[in-house]
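Open the structure in your viewer and keep the selection tool at hand. The tour below goes stop by stop, saying what to select and what is there.

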Amino acid sequence: MATEEHYYSDHAIDIESPADEDGVHDSFCQLIREQSHELNADVIEMNPLYLEDEDDFVGLEDPPYSPTDEYGDGEQPTDNLIGERWSSDTLRVLSSMPSRTIGRSRGAIISQYYSRTMQLRRRRQSRPSIQHLPRSARPSIRGYRVESDGAGFDEGENKRDRLVNNLQNLPVSDRVRMLKAMPLCLAEKKELRMLAMNKAAHSLSTSQIPCCSQLKYYIIIAVKHGWYSWLSFLSSLQLWQTALKRVSGRFGTGVLSYFVFLRTLLFFNFFLFLVTGLLLVVPQAVTHQGRAQDRAVRSTWGLEVLTGAGYFSESLLYYGYYSNYTLNNGSASVNQSDNRTSLSYNMPLVYFFTIGMAFFITCIILVYTMSKSFGQSFRIDKSKGLLAIKLFSSWDFKVSKKSSVRLQSENIGTQLKELLAEANRQELEVSAFQRLCRLFIHMLAWIMCLGSILACVLAVYYFSVYIHKELIRAQLNSTDDLLLKEARLLALPVVVSSINFFLPGFFNAVAWMEEYDSPSVLNYISISRNLLLKASVLGVLCYHWLGQVASKPKELNLECWESFVGQELYRFLLMDFIFTLLDTFFGEFLWRLFSQKALKRKRKPVFDIARNVLELIYGQTLAWLGVLFSPLLPAVQIIKLLLLFYIKNVSLMMNCQASGKPWRACQMTTIFITLLCFPSFLSAAVCVTYTMWTIQPSNNCGPFRGLKTMFQAGKIWVKNLAESNKNLAWLTWVHTYLVENPLFLFMLAGIFLIVIYFHSQVVDGQRKVIELLQEQIENEGEDKKFLITRLQDIHERRRTVSPRRERDH
């Protein structure tokens, strides 16, 4: 503990502390002496208050504080600070405190700043600006007054006129700085600014101004207006900004975190689509070097959009269409026999490195976003302090439109409700028997949830085995109906999507039985259960695709198992979107109609944040898994997210209501990004890496045909490059020991994790420093209350002792 205190004492030297108040009070005295020669008539003396006069006491509104025996010499605590009457000595101590030295006398402020403008004109180059002084070092007007009679009023108006004249004579930058530094209300500052500008305009119109000066003045104004217009245009380009403000104002930060997370996923998919589209899809579409013959069977039922088969089987959507040619100056040649050194576009190499670099850059962006979100959401902030900031400093006075004003007022009102709910939330005291009952109910609920998840996972596994056998039988029996074959392809996605549709409702019923008091805890529990379900189902599906389909493609008579896996992922992604729409229709729209029409209640359903967010993470995991087998799958995900945002937004405004228990979701976005990074992206990256490093690609399709693994594309390219140019022989060593060697990859991953660990430690250290500073501020306030109470106690003792001495004499 001593070492920790020494560490924080060494690292907190540059932070201002109450020990520096002497310099602040010296600055007060200095500023008062500078203007005292013009305000001698206004100086009042703080006379001692007589004890016999009842008006000599002032009541404070500070919270009570009772000192313990450790502060005194065994005395009992004195009276509370509320409702007490204070003597002149106590009032002098109160008036000397920094928080009581700033007054609000308008005439004294104007007079004081008139003196400051005169000094600024004479010493503008030698004296620093007033805006660089600390807030507590601004001029103190305690002890100065303005007479209430007519003469005093006229004198104040004269001082105001002189202040306006002096402001008009100052340069524009100094004038703005002085107006900002004045402790006046906005109406007073606006009036002073208008008077100064009107006089300046009048004086400029009457004087002879050179033409070049006028041109320079108009150019500066035009540039400023253009810059402000550009900033306004950039802010208007933010995607769904108005819709997000409306959601935040009506439903709070919890529901807002879902839509913000959806927009984040849209940006990730747009980046992935941009990379794969420019480097893979466009070159392949331009060269038309895909598969020579079209083996696709057109369906008469038009189910290609749902199954991804038929026409789409031999298109740019899937892996099998892409060629293994190397393009050299417009000609195409097979990659394995091409040893020319001219400028070439090696499709297998580009395919491999495009997918690898896309995942690597996505990982960096995810980790950076997660670390930044950690730094923003896990700050040490207290609801009482945030209430004051939100109440007095959150309004944006640049807002002028009625709709924007309404949105901002709703947003601030909702955030105040959340802060008040967090500040007033108290933990209920329960007995030991009630705790045992709650623990038993929680254990029973978790057993029920885990048992249902296990049952669903086993059902998916055995059903995937059954579908695998049915596909083998369908390949052997060519007399089956085409509609039945395509319906059989949709069986597994429908079963998995049905499980994801019904089981979260069972989780919500179990959570209702548990009766959680905090809405945030309820959401975290629901997220954890839905996450277990999604992760378990995806694990079984990955085993089905990579362990059964990829390892035994001949059993299914598949010429290109990569395209088949890409079709499966396309079907799963599409079915997930369809069942999400069904959940929105049945769970929100029909439930609202049933509640209002049949049950005659005004209640609407509450937006299920945990379920909807896990659906987004599940869909994004499918998109990351399928980008290797279907390079255009991110485009499908982009269309899905765009439609989902508008559908969910309309349904939220029409069918849902805000939660009855307001709660502040200060860490929800961070948790969503963390879940997206580690369970979702990490599992997708592991599956894609396993496929590229170990599984043999198809021999008749795709850019890696004829190779043992996809990873050999880079090895063959480096070998051909070293044979054609002896000066590049070192690339073989680099590829062998840095790319092929797993030790180097483990070292990179270790360095990456170390960087993340150190960043988290820095954030944790900052949190501890903030905690210590907040504790110090609280202790300073308690010390002031204690000193005032002790001073009052001493004064009461002196008052009781003095009459006794008079009687003794």
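**Stop 1: a loop before helix 9**

Select Trp-240, which sits in the loop between helix 8 (211-236) and helix 9. This is a predicted model, so what you select here is a prediction. Trp-240 is not a glycine, yet its phi is positive, at about 60°. Is Trp-240 buried or exposed? Its relative accessibility is 9%, and a residue under 20% is called buried, so Trp-240 counts as buried.

**Stop 2: a loop after helix 16**

Go next to Glu-515, in the loop between helix 16 and helix 17. Glu-515 also has a positive phi of about 60° without being a glycine. With a relative accessible area of 58%, Glu-515 is exposed.

**Stop 3: the largest pocket**

Now select Leu-522, Pro-605, Val-606, Phe-607 and Asp-608. The largest pocket holds about 1600 Å³ of space. It is lined by 49 residues, and the five just selected are the closest to its centre. To see more of the wall, colour helix 9 (241-287), helix 13 (402-424), helix 16 (491-514), helix 17 (519-549), helix 18 (561-598) and helix 19 (609-626), each of which gives two or more residues to the lining. Which element gives the largest share of the lining? Helix 16 does, with 7 residues. By residue type, the lining has 21 nonpolar, 15 polar and 13 charged residues.

**Stop 4: the cysteines**

Select Cys-560 and Cys-701 and show their side chains. A disulfide joins the two, with 2.1 Å from S to S. The count for the protein is 1 disulfide. Cys-560 lies in the loop between helix 17 and helix 18, and Cys-701 in the loop between helix 21 (668-694) and helix 22 (712-724), so the pair links distant parts of the chain, 141 residues apart. Both Cys-560 and Cys-701 are buried. The torsion about their S-S bond is about 90°, so the disulfide is right-handed.

Then select Cys-677 and Cys-363. Cys-677 is in no disulfide, and its nearest cysteine sulfur, in Cys-363, is 5.9 Å away. A disulfide needs sulfur atoms within 2.5 Å. Cys-677 has 5% relative accessibility and so counts as buried. Select Cys-437 as well: it is partly exposed, with a relative accessible area of 31%.

**Stop 5: the whole protein**

Clear the selection and zoom out. The protein has 24 helices and 3 strands. Of its 809 residues, 40% are buried. The protein exposes about 46300 Å², and 61% of that comes from carbon and sulfur atoms.

Technical notes
Residues are numbered from 1 along each chain as its sequence is written. This is a predicted model: local features need pLDDT of at least 70, side-chain atom pairs count only at pLDDT 80 or more; totals for chains, interfaces and linings use all residues. Side-chain values use heavy atoms; hydrogens and water are left out. On a 1 Å grid over the protein atoms alone, a cavity is a set of points where a 1.4 Å probe fits but cannot get out, and a pocket is an open set with protein on both sides within 12 Å along at least five of seven lines; lining residues have an atom within 4 Å of a point. Grid points are joined across faces, edges and corners, and a volume is the space filled by probe spheres set on the points. Helices (H or I, at least four residues) and strands (E, at least two) are DSSP runs, numbered from the N terminus. Ala, Val, Leu, Ile, Met, Phe, Trp, Tyr, Cys and Pro count as nonpolar, Asp, Glu, Lys and Arg as charged, and the others, Gly among them, as polar. Buried means under 20% relative accessible area, exposed over 50%, partly exposed in between (1.4 Å probe, protein chains only). Accessible areas come from the Shrake-Rupley method with a 1.4 Å probe; for residues, only the protein chains shown count as cover.
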